Number of protein chains: 2
Amino acid sequence: MNKTLIDAFAEATKSVLMMMAGTEVEMDGMMDGRQKVYGDISGVIGLTGSMSGSIALTLPVELAKRLVANMLAMDASELQEEDVQDGVGEIINMIAGDAKGRCNDSFKISLPSVITGKRHTVSTSKEGDGVIIAFKEKVPFYLQISLEEK
Amino acid sequence: MNKTLIDAFAEATKSVLMMMAGTEVEMDGMMDGRQKVYGDISGVIGLTGSMSGSIALTLPVELAKRLVANMLAMDASELQEEDVQDGVGEIINMIAGDAKGRCNDSFKISLPSVITGKRHTVSTSKEGDGVIIAFKEKVPFYLQISLEEK
C-alpha cells in the first residue's frame with residue numbers, strides 16, 4: 001500500500017480522536033495486514049469504489065470507554081454498553097469519512113458494524129493489500145486497512 | 001425493511017451454503033436488528049449505493065469449521081484457523097454477491113472482514129433499518145442486515 005494512503009488513514013485517525021474525544025494519539029509503527037492484533041471492541045466499515053476494501057479500529061475496552069466518555073462529556077462509569085458501541089461506530093464512521101476526503105473521495109463508505117467481545121481479532125480480506133497501523137495512547141490500539149485498487 | 005429485501009438475503013444465504021458447502025439450512029425466525037446474538041466467528045461486509053449498510057454472518061465455531069471443511073473437501077480436524085477465517089470471508093462475500101444480484105445490483109460490496117473471538121456480538125449501525133435472520137442447521141446461526149435506503 002502506498003505511503004500517501006497509509007498517511008491519509010493515520011492522519012484521519014489522529015484528527016478524529018483529537019477533534020471528537022480531545023485525545024492525542026501517536027503512531028507507533030506498522031505491521032503486515034496478516035498479523036493478528038487483539039482488542040475488546042472493534043469498529044469495522046467497508047469501502048467501495050476505485051479502491052475497495054475495509055478498515056477496522058480495534059480497541060481495548062478501557063480506551064473505548066474513555067474515548068466515548070470524552071465524546072459525550074460523560075463519566076466513563078455512567079456509560080451503558082450501547083453508548084460505547086454507538087460511540088465506536090461513530091468514531092470509525094468519522095475516520096473513514098475523514099480519510100475519504102484526504103483520498104479525493106476515491107471510495108464510498110458503508111454503514112459501520114461494531115464488534116464486542118473480549119480479546120477478539122479482526123482479519124481483513126487477503127485479496128486486499130493489508131497493513132495494520134499501531135497507535136499508542138496510554139494503551140496500544142490498531143487501525144487495520146485492507147485495500148484493493150481496481 | 002421490506003420483505004423482498006429480507007427474502008433476497010435469506011435466499012442468498014441458503015443458496016450459497018447449499019452450493020458451496022452442500023449444507024441445507026432453514027430460516028428459523030427474525031429478530032429486531034438491535035437484539036444481541038452471539039457467535040465465535042463472523043464475516044462482515046459493507047454495502048454502498050442506493051442502499052447503504054452492512055451484513056454480518058455470525059456462526060458458532062463448530063458450524064464454521066464444518067462449512068469450510070465441506071467447501072474445501074477436507075476433514076474439519078485438518079483445518080488451520082486461517083483456513084476457517086478465509087472460508088468464512090469467502091462465504092459472506094458470496095452471500096453479499098448473490099443478494100446483490102437478487103436486488104438488481106442496487107448496491108456495491110466491500111471486501112469482507114472476519115472476526116474471531118469466543119462469544120462476540122456484532123452490532124450493525126443504528127442508522128440503518130436492521131433485522132436479524134435466525135437460521136438453523138444442527139446449531140443456530142444468524143445473518144444480521146442493516147440497510148439505509150438513500
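Q: Which elements of chain A do the buried residues of α1(A) pack against?
A: In this predicted model, α1 of chain A covers residues 3-21. Its buried residues include A:Ala8, A:Phe9, A:Val16 and A:Leu17. The elements that the buried residues of α1(A) pack against are β1 (26-32), β3 (51-59), α2, α3, β6 (129-136) and β7 (140-149) of chain A.

Q: What span does helix α1 of chain A reach from its first C-alpha to its last?
A: Let's start from the expected value: this helix has 19 residues, and at 1.5 Å a residue a span of 27 Å is expected. The model comes close to that, for the helix reaches 26 Å.

Q: Which residue follows α1(A), and what is its phi?
A: The spot to look at is the loop between α1 and β1 of chain A, which holds A:Gly22. This glycine comes after α1(A), and its phi is positive, near 55°.

Q: Is A:Gly22 buried or exposed?
A: A residue counts as exposed if 12 or fewer other C-beta atoms lie within 10 Å of its own. A:Gly22 has 11 such neighbours, so this residue is exposed.

Q: How far apart in space are A:Gly22 and A:Gly87, C-alpha to C-alpha?
A: Along the sequence, 65 residues separate A:Gly22 and A:Gly87. In space, their C-alpha atoms are 14 Å apart.

Q: What pattern does chain A follow when read along the sequence?
A: There are three helices and seven strands to place in chain A. Read in order, they give the pattern α-β-β-β-α-α-β-β-β-β.

Q: Why can chain A be called as compact as a globular protein of its length?
A: The globule rule gives 15 Å for 150 residues. Chain A is close to that value, so it is as compact as a globular protein of that length, with a radius of gyration of 14 Å.

Q: What percentage of the contacts in chain A with a separation of 6 or more comes from residues 24 or more positions apart?
A: Some context on chain A helps here: its C-alpha trace spans about 45 × 30 × 25 Å along the principal axes, and 50% of its 150 residues count as buried. Among contacts with a separation of 6 or more, the share of residues 24 or more positions apart is 69%.

Q: Where is A:Ala73 found, and what is its phi?
A: A:Ala73 lies in the loop between α2 (61-72) and α3 (81-102) of chain A. Most residues other than glycine have a negative phi. A:Ala73 is not a glycine, yet its phi is positive, near 50°.

Q: Is B:Ala73 buried or exposed?
A: B:Ala73 sits in the loop between α2 (61-72) and α3 (81-102) of chain B, and has a positive phi of about 50°. With 7 C-beta neighbours inside 10 Å, B:Ala73 counts as exposed.

Q: Which residues of chain B are in contact with A:His120?
A: A:His120 belongs to strand β5 (residues 113-124) of chain A. This residue is buried, with 23 other C-beta atoms within 10 Å. Leaving aside neighbours within four places in sequence, its contacts in chain A are A:Tyr38, A:Gly39, A:Ser42 and A:Ile115, and those in chain B are B:Ile115, B:Thr116, B:Gly117 and B:His120.

Q: What kind of axis relates the two copies?
A: A turn of 180° and a shift of 0.0 Å along the axis lay chain B on chain A with an RMSD of 0.0 Å. The two copies are thus related as by a two-fold rotation axis.

Q: Which residue of chain B has the C-alpha nearest the axis?
A: The turn that lays chain B on chain A is 180°. In chain B, the C-alpha nearest that axis lies 2.1 Å from it and belongs to B:Gly46.

Q: Which element gives the most to the side of chain B that touches chain A?
A: In all, 34 residues of chain B are in contact with 34 residues of chain A. On the chain B side, β2 (38-49), β3 (51-59), α3, β4 (107-109), β5 (113-124) and β7 (140-149) each supply at least two residues. The element that gives the most, with 11 residues, is β5(B).

Q: What ipTM does the predictor give the complex?
A: For chain A, the average pLDDT is 95, and 100% of the residues score at least 70. For the complex, the predictor gives a pTM of 0.96 and an ipTM of 0.94.

Terms used. Residues are numbered from 1 along each chain as its sequence is written. Chains are lettered from A and ligands numbered from 1 in the order in which they are written. This is a predicted model: local features need pLDDT of at least 70, side-chain atom pairs count only at pLDDT 80 or more; totals for chains, interfaces and linings use all residues. Helices (H or I, at least four residues) and strands (E, at least two) are DSSP runs, numbered from the N terminus. The radius of gyration is taken over C-alpha atoms; the globule rule is 2.2 Å times the number of residues to the power 0.38. A residue is buried if 20 or more other C-beta atoms lie within 10 Å of its own, exposed if 12 or fewer, and partly exposed in between; C-beta atoms are placed from the backbone. Two residues are in contact if their C-beta atoms, placed from the backbone, lie within 7 Å. Copies are superposed by least squares on the C-alpha atoms of residues with pLDDT of at least 70 in both. pLDDT is the predictor's confidence in each residue, from 0 to 100. The expected span of a helix is 1.5 Å times one less than its number of residues.
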